[in-house]
Amino acid sequence: MIHSILDNDLYKFTMQMAVLELFPTVTAEYRFINRGDQKFTNEFVYELNNIINTEITELQLTEEEHKWLSENCPYFTATYLEYLKNFRFRPEEVSISLNESNGINIQIKGPWHSTILWEIVLMSTISELYFDMIETDWKSEHSISTITHAYRNLIEDMGNKLKLSNCILSEFGTRRRRSFELQDNVIDVLKGFSICSGTSNVHLAQKYNLKPIGTIGHEWIMGNSALVGLRNANKFAFENWVKVYKGNLGIALTDTFGSDAFFNNFDGKLARIYDGVRHDSGKPLEFVDRAIEHYKSLGIDPTQKVVVFSDSLDADKAIKIKKYCDERIKCSFGIGTSLTNNPEFFREEPPLNIVIKLHKVNDIPVVKLSDSGEKATGDRDALRVANYIFGVKGLDEE
């Protein structure tokens, strides 16, 4: 189900290089979270473990992939590419079990620079395996070729709709795709649209000669919060990123501890170095106003900056946001699940709402607060402390 070691999101590799450079001895623990109520089986767990222990552990960077990365991702150092060439997934870092309510418990534990690549690989495998073993009606009623043809038409319609509004989009759908083949067809359709700026999937970017897209995930800021300091974690994390990438990959993720905490740390120096910011939770139109106001307060022309939107987008949401941004600030859109596992197309068997989040760094609990309360993750006591430090809630408030 995973077709290459590069069948993963770019930001996992960029963060891996940063971890190797700045935090090479740090350990990490990740946890799987299912926000839905889907049930799994012992057979599912067995097959998932089998894929981990056979297919995934055999993945390795080819000479062709090494050459392509060196030519198309100049921010990767020769030292890192040599590391990646020798990298192998270690199945002993992952433990999986079925719990009493037929959910699955997954823990990933080991060196941060090693465990960091598991998240997307496991999530896409879980999603594809679920729709291959448990909810299978979607492919039993029609042939796969019929489904693929109809789905390509859906993506074509979405592309035309976005093109009319000049919405620049990147495909972000690896983690919750219904299948690799479906995602491959999505990219095959989107590559013909001038508004498609690339894909987060490095393997498919190589296959279709597209730009690989991605910078920083929440875990970079979460990890820095434990290793450097919680109250100003955003500042530390983004300054550390500049140490590694020297101004490249300059999109700052805003909602790890809520956008208030982010903007308090996003000073004039960082706001000038970074090309823009990414919105991943909360109300997008309010965020546009907040970002514009912040740039203006620092004497920066907001029309020269960009907001990348990536929170549960579809074509209609993107078009609405684009109209709101027009002539005020640049914008682009990272669209994921609605491209690779569209909930309207698969209405009877909607996509899984799953995440894998960093849980501890060097045995220190880390949290994500978000601008949407339902997205908060982490140890209960650690969440209470973080909410208190960032002024979200009192220590005794639920």
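Two residues are in contact here when heavy atoms of one lie within 4.5 Å of heavy atoms of the other. Keep that in mind as we walk through this predicted model, beginning with a single tyrosine.

Tyr-151 lies in helix 8. Leaving aside residues up to four places away in sequence, Tyr-151 touches Leu-182, Val-186, Ser-338, Leu-339, Thr-340, Asn-341, Asn-342, Phe-345 and Phe-346. One of these partners shows how the chain folds back on itself: Phe-346 is 195 residues from Tyr-151 in sequence, yet their C-alpha atoms are 10.0 Å apart in space. Is Tyr-151 buried or exposed? Its relative accessibility is 1%, and buried means under 20%, so Tyr-151 counts as buried.

Two of those partners, Leu-182 and Val-186, take us to the next element. Both belong to helix 9, where they join Asn-185, Asp-188, Val-189 and Leu-190 in meeting helix 8. On the helix 8 side, the residues taking part are Thr-148, Tyr-151, Arg-152, Ile-155 and Glu-156. Sorted by class, this contact has 6 nonpolar, 2 polar and 3 charged residues.

How do the two helices sit against each other? Helix 8 spans residues 144-164 and helix 9 spans residues 180-190; their axes come within 9 Å and cross at roughly 40°. Angles under 35 degrees count as roughly parallel, and 65 to 115 as roughly perpendicular; helix 8 and helix 9 are therefore oblique to each other. The crossing is right-handed.

Now let us turn to the strands. An open sheet is built from 5 strands in the order 2-3-1-10-11, with antiparallel pairing. At its edges are strand 2 (94-98) and strand 11 (364-365), each of which pairs on one side only. If you start from the strand 2 edge, you will find 5 bridges joining that strand to strand 3 (residues 104-111), and the two run antiparallel. To see one example of a bridge partner, look at Ser-97, which is matched with Asn-105 in strand 3.

The sheet also has a helix lying across some of its strands. Helix 11 (residues 218-227) lies across strand 1 (27-34), strand 10 (354-361) and strand 11, and runs at about 20° to strand 10. How much of helix 11 is covered? Most of it: 8 of its 10 residues are buried. The buried residues are His-218, Glu-219, Trp-220, Ile-221, Met-222, Gly-223, Asn-224 and Ser-225. After helix 11 comes Gly-229, with a positive phi near 160°.

How values were computed:
Residues are numbered from 1 along each chain as its sequence is written. This is a predicted model: local features need pLDDT of at least 70, side-chain atom pairs count only at pLDDT 80 or more; totals for chains, interfaces and linings use all residues. Side-chain values use heavy atoms; hydrogens and water are left out. Axes are lines fitted to C-alpha atoms, for helices over the stretch in contact, and angles run from 0 to 180 degrees between N-to-C directions. Helices (H or I, at least four residues) and strands (E, at least two) are DSSP runs, numbered from the N terminus. Angles under 35 degrees count as roughly parallel, over 145 as roughly antiparallel, 65 to 115 as roughly perpendicular and the rest as oblique. A crossing is left-handed if the near helix is turned anticlockwise from the far one by less than a right angle, and right-handed if clockwise. Ala, Val, Leu, Ile, Met, Phe, Trp, Tyr, Cys and Pro count as nonpolar, Asp, Glu, Lys and Arg as charged, and the others, Gly among them, as polar. Two strands pair if DSSP finds at least two bridges between them. Buried means under 20% relative accessible area, exposed over 50%, partly exposed in between (1.4 Å probe, protein chains only).
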